[in-house]
Amino acid sequence: MHPAQVRDHLKVQPFRPIRVYISDGSSYEVRHPEMAFVTATQVMIALELSTDNLPDKVVCCDPVHITRIEPLDGVKV
């Protein structure tokens with residue numbers, strides 16, 4: 001997936017939580033737009049937030065390996 005497409009999902013107003021699917025079969029939930037950061041070569045997704053609202057863990061993936069993004073509520077736009 002092109003990084004701009006990932007970024008567009010994060011910029012939807014109002015934001016709708018999404019699930020990002022990766023080519024290795026894994027998937028990650030993004031419940032807030034600030035939980036993901038997109039660059040030209042990486043998408044970083046915070047997996048857990050600590051009590052001070054900072055990520056405890058982050059996964060980095062190449063946008064080429066993102067196969068699809070779906071809303072968590074199951075309703076397609």
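A salt bridge, as I use the term today, is a side-chain nitrogen of Lys or Arg within 4 Å of a carboxyl oxygen of Asp or Glu. Keep that cut-off in mind. The model on screen is a predicted one. How many salt bridges does the structure hold? The count is 4. I'll take you through some of them, and then through the sheet.

Start with D73. D73 pairs with R16. Their closest N and O atoms are 3.0 Å apart, and the cut-off is 4 Å, so the pair counts as a salt bridge. Where do D73 and R16 lie? D73 is in the segment after strand 6, which covers 66-71. R16 is in the loop between helix 1 (3-11) and strand 1 (18-22). The two are 57 residues apart in sequence, so this salt bridge ties together separate parts of the chain. As for R16, its relative accessible area is 22%, which makes it partly exposed.

Next, E29. E29 forms a salt bridge with R19, and here the closest N and O atoms are 2.7 Å apart. This pair links distant parts of the chain too. E29 sits in strand 2, residues 27-30. R19 sits in strand 1, and 10 residues separate the two. Are they buried or exposed? Partly exposed, in both cases: E29 has a relative accessible area of 31%, and R19 has 23%.

E29 has another partner. R31 also forms a salt bridge with E29, with the closest N and O atoms 2.8 Å apart. Put these together and you get a network of salt bridges linking R19, E29 and R31.

Now the sheet. Which strands form it, and in what order? There are 3 strands, in the order 2-1-6, and the sheet is open. The pairing is antiparallel. Strand 2 and strand 6 stand at the edges. Each has a single partner strand, so one side of each has no neighbour in the sheet. From one strand to the next, the twist averages 20°.

Look at strand 1 and strand 2 again. They run antiparallel, and 4 bridges join them. Within that pairing, R19 stands opposite E29 in strand 2. Those are the residues we just met as a salt bridge.

Last piece: helix 1. What does helix 1 pack on? The sheet, where helix 1 touches strand 1, strand 2 and strand 6. The direction of helix 1 makes about 15° with that of strand 6.

To recap: D73 bridges to R16, and R19, E29 and R31 form a network. The sheet runs 2-1-6, with helix 1 packed on it.

Key. Residues numbered from 1 in each chain as written. Predicted model: local features only at pLDDT ≥ 70, side-chain atom pairs only at ≥ 80, totals over all residues. Heavy atoms only, no water. Buried < 20%, exposed > 50% of the residue type's maximum accessible area, 1.4 Å probe, protein only. Pairing = 2+ DSSP bridges. Axes fitted to C-alpha atoms, helices over the stretch in contact; angles between N-to-C directions. Contact = heavy atoms within 4.5 Å.
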